[in-house]
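User: Please take a close look at the salt bridges in this model. I would like to know which side chains pair up, where the partners sit along the chain, and how buried or exposed they are.

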Amino acid sequence: MKKKRIAWGLALFLVLMWLCTLISKSIYASRLPMVTTCRTDSKYIEHVVEAEGIVEAGAKLPVTVLGGLRVTEVFVQTGDRVEEGDLLFTVDLEDMKKIMADQELACQKTQLQIDAILHNRELAQEKKALDEARAREDYDALARYQDTLVGRAAEDVVQAEKALEELPDESRGNGSEEEELLKRQLQAAAYAEADAKWNRDNTMKDAGRRVEDTVSEEDEDATLAVYRAELAGTQEKLAAYQEILDGEGKITAPLSGMITDVYVQTGGRVPDTASFLVADSDAPCQFRVTLTKEDKTYVNLNDDVKLKLGDRREINASIDYLAENENAPGTFTALLRLPEDTGTPGQSGTITCAKAGEKRPCCIPLLALHENPGGSSYVYVVSEREGILGMEYYVAEINVSVADKNDKLAAVEGALSEESRIIQSADKEIQKGDVVRLAEP
C-alpha cells in the first residue's frame with residue numbers, strides 16, 4: 001500500500017513538473033519578439049521617377065520699343081492674353097520730346113562732321129590734282145634736260161672720233177704723242193656719255209616714282225562711313241519717336257499671344273532689350289521639369305513618359321531635351337514638346353517615367369534590408385539552435401551588398417539561399433542573437 005502511494009505521488013509530481021515547465025515555456029515564449037519572414041525571389045527591380053514641372057510657351061517672341069523712354073503706366077501683366085493692337089503701356093511725351101531734341105542736335109553735329117570731311121576731301125583732291133600736274137611738268141622738264149646732257153656727251157664722242165680720224169697718216173701707228181692724246185680724249189668722251197645715260201635713267205626713275213606717288217590711291221578712311229551710319233541710325237530713331245508722338249505715347253501689341261515676361265514698370269525707363277515676351281500662339285507649348293542627379297540615372301533623352309496636367313487624363317510624351325543646369329550643378333532640365341492645343345503656359349503637371357530594369361535572382365523586401373552607420377548593408381535571418389527549453393529560433397546577421405533597389409524591393413548579393421528565412425518585420429526591436437518566435441503563416 002505504501003509503495004502504491006509513493007508511485008502515485010511520484011506520478012503526480014512529474015505531472016506537476018510537466019505542467020510547470022509547459023506554463024513557464026508558454027510564458028517565456030509569449031514574451032519573445034514575434035517576427036514575420038520571407039524568402040528571396042527572382043524579380044525585376046522597377047524604377048519609377050515622378051517629378052513636377054510647369055508648362056511654358058514653346059516659342060517666345062520679343063516686343064521691343066525704343067530704349068530710354070519713361071513709362072507712365074503699364075496695362076498688362078504676366079499671364080494676360082493680348083490681341084494685336086491692344087494697349088501695353090504709355091510713355092511720358094514731354095520726356096520723349098527732350099530726348100528727341102537731343103537726338104536732333106546730335107544729327108546736326110554729325111551732319112557738320114560729314115560736311116567737314118567732304119570739304120576736306122574736295123580740297124585734298126584739288127591739291128592732289130595740282131601736285132600731279134606739277135610732278136608731270138617737272139618730269140617732262142627733267143627729261144628734256146637729261147636728254148640734252150646725254151646728247152652733248154654723245155656729240156663729244158663724235159668729235160673725238162672725228163679728230164682721231166683726221167690725224168695725218170705720218171702721225172698714225174708710230175705712237176706719236178698727238179695720237180695718244182686723241183685716243184685718251186675719245187675714251188674719256190665715251191665714259192662721259194655712259195655716265196650721262198646712267199644718270200639720266202636713274203634721275204628719270206626717281207621722277208617717275210614721284211609722279212606715281214601723286215596719282216596713287218589714298219588709304220581708305222572709314223570715318224565718313226561711320227558718321228553716315230550714325231546719322232542714319234539717329235534719323236531712324238527720330239522717325240520712330242515721331243511715330244510714338246503721333247500715337248500719343250501709346251505702345252500697342254504688334255502680335256497676338258500671352259504675355260510671359262514683363263520687363264517694364266511704371267516710372268522706369270524702357271530697356272534697350274525686349275520690353276515684353278509674348279508666347280507665340282501658333283507654336284505648341286512645352287513642359288519643363290527639373291530632375292535630381294538620382295532621377296537622371298533612370299531618365300534619358302527620348303525616353304517615353306506619362307504626363308498629367310491638372311485634372312486632365314495622362315498623355316504620352318517623350319524627353320526631347322535633357323541637360324545639366326550650369327547654375328545648379330547636379331540638377332538637370334528636361335523639356336517635353338506638347339501636342340498642339342495642349343497645356344497653357346503656367347499650368348503645373350507631373351511626369352512619370354517607369355523603367356523595368358534587370359531581372360535580379362535574389363530580391364527581398366526593402367523593409368528587410370538594414371544599413372550600418374558605415375554604409376554597409378545586412379539582413380536578419382532566423383536560425384535554429386538547442387536552448388534551455390528545447391529547439392528555439394534566434395536572430396542571425398548576414399552581410400549583403402545591394403545591386404539595385406527601388407522603394408519596395410532590393411536586389412542583394414551575399415550568403416543568402418532560397419531556404420533563408422529573412423526577417424521582414426518584428427513586433428519588438430530585435431538584434432543579433434535575440435531569441436524570437438515565428439508568426440503564424
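Analyst: What follows goes through the salt bridges pair by pair and then turns to the largest pocket. The model is a predicted one, and the count of salt bridges comes to 15.

Begin with Arg288 and Glu56, whose side chains meet in a salt bridge with an N to O distance of 3.0 Å. Arg288 belongs to strand β11, residues 286-291, and Glu56 to strand β3, residues 47-56, so this pair ties together parts that are 232 residues apart in sequence. As for surroundings, Glu56 is buried, at a relative accessible area of 15%, a value that falls under the 20% cut-off. Arg288 counts as partly exposed, with a relative accessibility of 33%.

The next pair is Arg337 and Asp320, where the closest N and O atoms of the salt bridge are 3.7 Å apart. This pair also links distant parts of the chain: Arg337 is in strand β15 (residues 332-337), while Asp320 is in the loop between β13 (315-318) and β14 (321-324), and the two are 17 residues apart. Arg337 is exposed, with a relative accessible area of 60%. Its partner Asp320 counts as partly exposed, at 25% relative accessibility.

A further salt bridge joins the side chains of Arg421 and Glu384, at 3.2 Å from N to O. Glu384 lies in strand β19 (residues 377-387) and Arg421 in the loop between β21 (409-414) and β22 (422-426), so the pair ties together parts that are 37 residues apart in sequence. Glu384 counts as partly exposed, at 45% relative accessibility. Besides these pairs, Arg70, Asp95 and Arg269 are joined into one network by salt bridges that share partners.

Charged residues also appear in the lining of the largest pocket. This pocket has a volume of about 320 Å³. Its lining includes Glu46, His47, Val48 and Val49, together with Glu294, Asp295 and Tyr298. Also in the lining are Asp404, Lys405, Asn406, Asp407 and Lys408. The elements that give two or more residues to this lining are β3, α5 (293-298) and β20 (390-405). Strand β3 thus comes up in both topics: Glu56 of the salt bridge with Arg288 lies in β3, and β3 is among the elements that contribute to the pocket lining. Sorted by class, the lining of the largest pocket has seven charged, three nonpolar and two polar residues.

Note on methods:
Residues numbered from 1 in each chain as written. Predicted model: local features only at pLDDT ≥ 70, side-chain atom pairs only at ≥ 80, totals over all residues. Heavy atoms only, no water. Salt bridge = Lys/Arg side-chain N within 4 Å of Asp/Glu carboxyl O. Helix = DSSP H or I, 4+ residues; strand = E, 2+ residues; numbered from the N terminus. Buried < 20%, exposed > 50% of the residue type's maximum accessible area, 1.4 Å probe, protein only. 1 Å grid on protein atoms, 1.4 Å probe; cavity = no way out; pocket = protein on both sides within 12 Å on 5 of 7 lines; lining within 4 Å. Points joined across faces, edges and corners; volume = space filled by probe spheres on them. Nonpolar A, V, L, I, M, F, W, Y, C, P; charged D, E, K, R; others polar.
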